[in-house]
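Biologist: Please put the model on screen. I will ask, and you reason each answer out.

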Amino acid sequence: MAPDRISHTLPGLTAPAEIVVDRWGVPHIYAASTYDAFRAQGFNAARDRLWQIDFWRRRGLGRLAEVFGPEHVERDRAARLFLYRGDMHREWLAYGSDTKRATTAFVEGVNAFVELTRQNPELLPAEFRELGYEPALWAPEDVARIRSHGLFYNVREEVARARTLRDLPAEAEELRRRREPWRPVEIPEGLDLAAIPDDVLRVYDLATTAPGFAPPAPQDPQGDVLPEGSNNWVLAGSRTRSGRPLLANDPHRAAAALPGLRYIAHLNAPGFDVIGGGEPALPGISIGHNGRIAFGLTIFAIDQEDLYVYETDPADPTSYRYDGRWEPMRRVTETIAVRDGEPVEAELLFTRHGPVVYQDPERNTAFAVRAAWLEAGMAPYLGSMDYMRAGDWDEFSAAMNRWGAPPENQVYADPSGRIAWQTGGLTPIRPNWDGTLPVPGDGRYEWAGFYDTDQLPGTLDPEAGFLATANEMNLPADYPPDRHITYDWYAPYRKHRIDEVLAQTTDATPQSMVDLQSDFLSVPARRIVARLRELSVAVDGLDLLTGWDAVLAPDSAAAALFEVWYRRHLRPELLARALEPLVGDQADATATRISPAEDLLADARIDLELVENSEALGEIVAKTLPAAVAELEGLLGVDRDAWAWGRLHVARAQHPLKALLGNLPEDRLATEPLPRGGSGDTVGNTAYGPNFVQSAGATFRIVVDVGEWDSSLAMNAPGQSGRLDDPHLTDLFAPWARGEAFPLLYSRERIDAEAETVIELNPPA
């Protein structure tokens, strides 16, 4: 069947261009120049995701209240505190040489579609019509100034650690989160832990988390701060069936968004041919290949943040002590427009270190966040504009010198057989403290510049024939101990499982790597079950666990029992027993405080250590496992043959404005829940909160067959489109939940054979 054809005029286009949309909703853009390709990318992204792009801009610039009302004023003020406010000339120069020009072309494409909706209101997405507002026009600097959509480390950990040390014996911190490489906690000289309020990061959290538009419903995903990480790996030809390298990547972000965060696109112009995943509001591709090299990223948890604590002048709370004198905070006053209300004047305060997030006039204190991601050249993912056009390892590694945020583990492969791992990100030098706690802002604790990229770790062509990263502590054994990266990493169990599988693999295929991306074997579960098999106690439910293979399959009864027991019964009991010598009869409450039972970021390393070192494990199992069985019977019924992890653990994507769009069909605003396997500890990361609904994980997955590009595979849930009347809105959600992938086509011949729609773009007459 011949594809549908649509024609549009695109201002700024220098020659006709064409967008071929395949049957999975992927746009393949063919243009006469690189900048025409970016212009067409912006136009098509707006065509598919205009509401999402407009919302991203409004949230990032602090302009939600003007369309959603006064309840968003405080969030708008917070967002404006964390905008880039430096010199834009310096900002653009910090990226690739033509990033400003490419970004300008992309924004021109977005604006062209916005103007088209004003001429033809039928093209306006339903959200705008339903809520009665119009999409705004963009300026190129908007893309670079917005910073609050990145992934950030580690000011939340600083505050959590400070609160624990403030209120509890120091040993309690060892039971909250594991530091790597381990070192004793040292409280910086002059830091008064008692001065740090519980809600010191409330403004920071408003700026860096998504807004809500209604009270949470029982079926909504739960978990305020998500375990946002990723897996990636690359195999040399010696470990693949074809003899070609394979590169796999699956970023872990919010798993419940409709539309999803990622957007797959293909940009083709003379000398430029890149395909893969990016974000709809950003130009270019950050994960994918360009027909010459393949690249994929995960978070490398560089400590890019510090919380500074100031003594303020009792006579003027907007002055703080620095270097023995009172220094005035910089004031910026902005007007926040409010829908159906009067404009609000917002005062923004900044110290020499960064935005002020909390003031306590009674204690004469103030707090500011210093963030490397507020420096020039640190707009999240915009650094990919340079490396996605590299032709070999030398060009790629040179481009990584300009990568700023978020901090990344990049894996690389090319058809010559080369594979590599390179870390990147702006890394502060802290000459006299380790970044694990807040510090006084009086001048004693200052960054001494930043490390060069060649001072960060990396590897070329390892003897093992593969490389993998999964946000674990992956500093080489000989890495200089005084070169501070961070002490706060994710637990290593996803990486352990990936290494285990890849070390045994000699005939990998793209499909087998897709299967590994949805691997649900839990390393913590396997180790705990091994200890259970050593016990000689008779406890209801124990036989179900000891006969289990530790795979959290969606149809597994044992998986359902284990997860309910482990997270809601075993972990709290282990922590309470470990805390009892420290806090006495407050042990249960303290355990809940430092590691809530369903904490998405809970540290499994501590759980395993407590299990493996417990002499009273039999007694603990006898106390906690029957309670878990009883809870599971209440959740799934007394018929144990009907127990299944996927009956409890489900995924559901829904529109963030669902509560405000009640006149629109329900099936356009939310998917039906689908069963999921896994947990936050498995390679197939399906982290969940108290109601078992998946909160985080990989909605975008890619496996690149390096050199045989048409054999690459991808997935992007719930679908490529964000238009509520589009078949591609949720068409990929069920295949995603089943762990499937579709062909990521690259050659024009294959793409034309699968074409669903052809969009012809023409310059103005």
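Biologist: Which hand does the crossing of α17 and α18 have?
Modeller: This is a predicted model. In it, α17 covers residues 557-583 and α18 covers residues 587-594. The two helices pack, and their crossing is right-handed.

Biologist: Are α17 and α18 parallel, perpendicular or oblique to each other?
Modeller: Their axes lie 8 Å apart and make an angle of about 120 degrees. Roughly perpendicular ends at 115 degrees, and roughly antiparallel needs over 145. The angle of about 120 degrees fits neither class, so α17 and α18 are oblique.

Biologist: How many residues in the contact of α17 with α18 are nonpolar?
Modeller: On the α17 side, the contact includes P572, L575 and E580. On the α18 side, it includes D588, T590 and I594. By class, two residues are charged, one is polar, and the nonpolar ones number eight.

Biologist: What is the angle between α17 and α20?
Modeller: Helix α20 spans residues 617-636, and its axis is 9 Å from that of α17. The pair is oblique, because its angle is not over 145 degrees. The crossing of α17 and α20 is right-handed. The angle is about 140 degrees.

Biologist: How many charged residues are in the contact of α17 with α20?
Modeller: Take the classes one by one. The nonpolar residues number 15, and the polar ones number two. The charged residues number six.

Biologist: Now the sheets. Which strands are the edges of the six-stranded sheet?
Modeller: The order is β22-β4-β5-β26-β27-β28, with antiparallel pairing, and the sheet is open. An edge strand pairs on one side only. That holds for β22 (466-469) and β28 (742-743).

Biologist: What is the bridge partner of V703 in β27?
Modeller: V703 has a partner in β5 too, since A248 bridges to V703 in β26, and β5 joins β26 through four bridges. On the other side, four bridges join β26 to β27, and these strands run antiparallel. In β27, the bridge partner of V703 is L713.

Biologist: Which residues of β27 point the other way from L713 and M715?
Modeller: β27 has residues pointing to both sides, and the four named here are buried. L713 and M715 take one direction. One residue of the opposite pair bridges to F742 in β28. The opposite pair is A714 and N716.

Biologist: Which helix lies across β4, β5, β26 and β27?
Modeller: Helix α13 (residues 493-503) lies across β4 and β22. The helix asked for covers residues 510-517 and runs at about 155 degrees to β26. That is helix α14.

Biologist: In the eleven-stranded sheet, which strands have a single partner?
Modeller: This open sheet has mixed pairing, and its order begins with β1 and ends with β21. Each edge strand has one side without a neighbour in the sheet, so we look at the ends of the order. The strands are β1 (4-9) and β21 (458-460).

Biologist: What is the bridge partner of I29 in β7?
Modeller: Strand β3 (residues 27-30) and strand β7 (residues 263-269) run parallel. Three bridges join them. In β7, the partner of I29 is L267.

Biologist: Is T99 buried or exposed?
Modeller: T99 sits in helix α5 (residues 99-119). Beyond its sequence neighbours up to four places away, T99 touches W92, L382 and M385. Its relative accessible area is 0%, and the limit is under 20%, so T99 is buried.

Definitions and conventions
Residues numbered from 1 in each chain as written. Predicted model: local features only at pLDDT ≥ 70, side-chain atom pairs only at ≥ 80, totals over all residues. Heavy atoms only, no water. Pairing = 2+ DSSP bridges. Contact = heavy atoms within 4.5 Å. Axes fitted to C-alpha atoms, helices over the stretch in contact; angles between N-to-C directions. Parallel < 35°, antiparallel > 145°, perpendicular 65-115°, else oblique. Left-handed = near helix turned anticlockwise from the far one by under 90°. Nonpolar A, V, L, I, M, F, W, Y, C, P; charged D, E, K, R; others polar. Buried < 20%, exposed > 50% of the residue type's maximum accessible area, 1.4 Å probe, protein only.
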